[in-house]
Amino acid sequence: MLAAAAALCVAPLALGSYQLYLAQLMMINVIAAAGLNLLTGNCGQISLCHSSFMAIGAYASALVVIHTGLSFLPALAIGTFAAALLGACLGYPARRLSGLYLALVTLGFLQLVQILIEEFPELTGGVRGLSVPKPQVLGYAIRSDFTLYYFLLGAAAVAVFLADNLQRSRFGRAFNAVRQSAFAAQALGIPLGRTKLVAFAVAAGFAGLSGGLMAVTVGFMDPTEFGISTSLRQITFIVVGGLGSVTGSVLGAVLLTGLPEFLRGTQEYADLVYAAILLGSLLFMPRGIKGLLDDLWSLRLVRKPATP
Amino acid sequence: MTWQIAFQLAVSGLSVGSIYALVALALVIPFKASGVLNFAQGEMVTLGAYIGLVLSTSLPLPFVAVAALTVIIAGAFGVLIERLFIRPIVAAPEFTLVIATFAIGLIIKAAIRLHWQDNTFPFDAPYAGPALAVGPLRVNPSYLIIIACLAALVGVLVAFFRGTKFGKAMRAVAIDPRAARLMGIRVESIFMSAWALAAGIGAIAGLLVAPLIGINPEIGQLIVKALVAAVIGGFTSLGGAVAGGLLLGVLETFCGAFFGATLKNIVPFGILILLLLLKPQGLFGGSLQQRV
Amino acid sequence: MRGKAIYAIALGALMGLGGVARGEQGVTGTTIEIGAFGPITGPAAYIGLGGRDGANLAIKEINAAGGVGGRKLVLHFEDDGHSPTKALAAVKKLVDEDHVFAIFCVAGSNGTIGSIDYVKESGRVMYVSFASAPGVTWPFARNLFRGGTTEVPRYGELYAEFIADQMQAQKVAIMSGREEYPKNEGDALTKQLQSWFNTTPVVRVEFNIGDKDFTSQLLQVQQAQPQAIAFFGNPAEAAIAMRQARELGLNQPFFVGVTMVDQNFIAAARQTAEGASGFALVPLLPGSDDATLKAWEAKWKQEYPNLPAGRPNIFDLLSYGDMYVLAEGLKRAGPEPTTDKLIGALEGIKDYRVSVIATPRTFTPKHHIGNLQLVAMQVKNGQWVPMAWEGKHPSDILKRYQ
């Protein structure tokens, strides 16, 4: 665990711009995956609109910087908060739904956000996209890839730490109870509606944060970046990583962000190969990478790390 | 807005609604039979259309033969997919299954795209023809055929699910596979048949809409509108799915006429969200209450 | 001690990174490395695949004839999946890992804009063949060049003049899809009709990409009683919309956007396409009856024998022609090409084209807009046939570059 952390800190010094960029994207996806894992993996609520909260965070923070001259960090905070707030707004009425119906409501929300982004091009750039200025942190402009990477690494570390703690906290236990049996949870006095609302809001906040960070990392965005395929990709991160496990979502996000880049050599077959690998990994690791590691551990083949 | 325009809008709304209804059926029927939401259902429609395309352009067969063959081949694909990819993970957590169907859909679409690219191929049906004139109104006859097929499909399938032993077994498995197994139902064959049904009905939908909208890899996107239609009808009612589709088509068309393209886009999802929050069982579905 | 070693290694790595010289990267004794990116997966795959394969065909011919200054051209192609995030990754890989000398961009507008800031910083020359996003040529950037497609306002200029002059229509209805290109074309046409002819469209309706029914829009169009209908969207929608228009009794002639001046449109729309007019980015579309084009198609089919229907498409053709332009620039840059020399060479190009299958390119030190010419065409007997019509109204585009 410590070796991995050290590697993450030192490795970038040997990496070029392209690989650093990939590492940056991985950090961003780790944050999004950690949030989604809390909602879907722990609390059992399916969400097809996780990318919409990313969009809200991305557009909100970018627009705040462009139009009010606030610097990056406050704008990022505003974007994160806006996403969390809208997550609560969705979570509240959706608290009585589950399974297919919840999935459909989140799908409806996703489409609405897409349409709203496209509908106000003077503000959001619409389908033509929006250019995002380079981030200014405490008066210093983040221009180098290295600085941005370490910033993202820090943010991801904080997010993972938060997610892990949340999982072990009273909220995390409430999430798990709701997932396993809504009736039993209620019988135990856990407020169903409020728990789901918190789960939605927290997940949305994580997504908003990752969206705001993605906006400055790529420097340009359009609504197609936040569509259903992105949401589904994020679900694959946590499913392939291991539903319910923070380590799993980190692993899933890192590996599945790197995989399409790794598949560049297959040129136009990349989509097909990616889907085949995805399907294969589900067939051979139905409980994700974390599930596989757990199985190997139980066979005493792998040493279990400290975190669940 | 004159009466003539209003009637034309209504006719056209029902016409496009019939397409939504057809794809909604293709979505609801497999769900009724297996209880699993199949993310590849849109691609089942696309697959059926392309199979029909290949058959009709390479073999000199009459349309009905092409259609029958297409449904059979599609059904076979469904069985193959189920045995190779779904059977091994049927006991896995639900999300694994859902993502697996998503991956299968991706594979189908990517493979089709690699071979046929994004060309839009026309597809000829013998019943296609110039618009019929009913007074000042115009309606394309292909839509009437779709509506006729919708009625036939609903009739046959409702009889199947309610009347036959196999149909009832399917519904049982969809509600609770473990209980069904305890009742002596062979759950494995039911799943296989459910996938065959999904592919087959998807193929019928693909064949019927192809003459109207052309064939390209993205026609599976209709599934998004079909989802809204299915929700309006309540996800468990076949007749409801059809009614939902028709209603959606009419609503969309009128909103487009009054409010423009933006609202035309928003209306389906606005309805979706409102219904789900206020009346999730749709207009025709049964109660969602679970008894403890 | 170990700490110092790590520090030294890290420092050495950093210096190694900085050591790649700017300007000469990608030029070796025997090769010139060219990077290219565009969508080869997803719904826009036909754009990038045409771009890649057309460019490769040109490079193969150029290399067979001895290459450029004795060096062979080597193409590195990366997918951008039509996404700005992935486009940036593609460009970083090309510049940073593959160390290409120049970039040949066959991506869509959003992918191109996503990469532009990085390309400007890296100083590499980027030659953009297809994307019409304004940011490529305005504000002026020394290392960016636009080839095949023209500026968005130019579409408006030519469309407006054609509709007013050739189609003799003062009352135009515009139907446009809510996507980049169609929206741009619709806006540009509206603006130019106003500024040059002082007319406004009688109605402007929008539709969504993926729509299957256009009755509500068509009834509005019908009510406005236009003399011509301009349709900007994709072939799949055009086929449905035009069929429904005829069903509803709308008999006005159609003017279609540049994405529909293509065999795919005729294949999808069949009889309803007859009589439609529009502008093409190339003098002759694939499938036309012309000896030079047929010879080119034969060479193409020999190189790519197993490709699906619809190939070679317009992007194959455009990319082929534009790669020759870039190669011409490389030739004129002399025996030891640098980025500066390439820019100077390209800026000296005037009315260059590889053959009649491309439109001529002209660059100057003041502007890098390679092509201001579109070819008017009409569907006759199931084929897009060039019309003998040329815009006479002088263009306003270049004024702001003086």
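User: Buried area is the accessible area (1.4 Å probe) that two parts lose on being put together, summed over both. What makes up the buried area of chain A and chain B here?

Analyst: Happy to help! Chain A and chain B bury about 3400 Å² between them, with 88% of that on carbon and sulfur atoms. This is a predicted model, where local features need pLDDT of at least 70, side-chain atom pairs count only at pLDDT 80 or more, and totals for chains, interfaces and linings use all residues. Residues are numbered from 1 along each chain as its sequence is written, chains are lettered from A in the order in which they are written, and side-chain values use heavy atoms, leaving out hydrogens and water.

User: How many salt bridges does the rule find across the interface of chain A and chain B?

Analyst: Zero. The rule asks for a side-chain nitrogen of Lys or Arg within 4 Å of a carboxyl oxygen of Asp or Glu.

User: Which residues bring H1(B) and H6(B) together?

Analyst: In H1(B), Phe31(B), Lys32(B), Ala33(B) and Ser34(B) meet Met170(B), Arg171(B) and Ala174(B) of H6(B); contact means heavy atoms within 4.5 Å. Helices here are DSSP runs (H or I, at least four residues), numbered from the N terminus.

User: Why is H1(B) called roughly perpendicular to H6(B)?

Analyst: The axes of helix H1 (residues 3-34) and helix H6 (residues 165-175) of chain B come within 5 Å and cross at roughly 80°. Axes are lines fitted to C-alpha atoms over the stretch in contact, with angles from 0 to 180 degrees between N-to-C directions. Angles of 65 to 115 degrees count as roughly perpendicular, so H1(B) is roughly perpendicular to H6(B).

Key. Helices (H or I, at least four residues) and strands (E, at least two) are DSSP runs, numbered from the N terminus. Angles under 35 degrees count as roughly parallel, over 145 as roughly antiparallel, 65 to 115 as roughly perpendicular and the rest as oblique.
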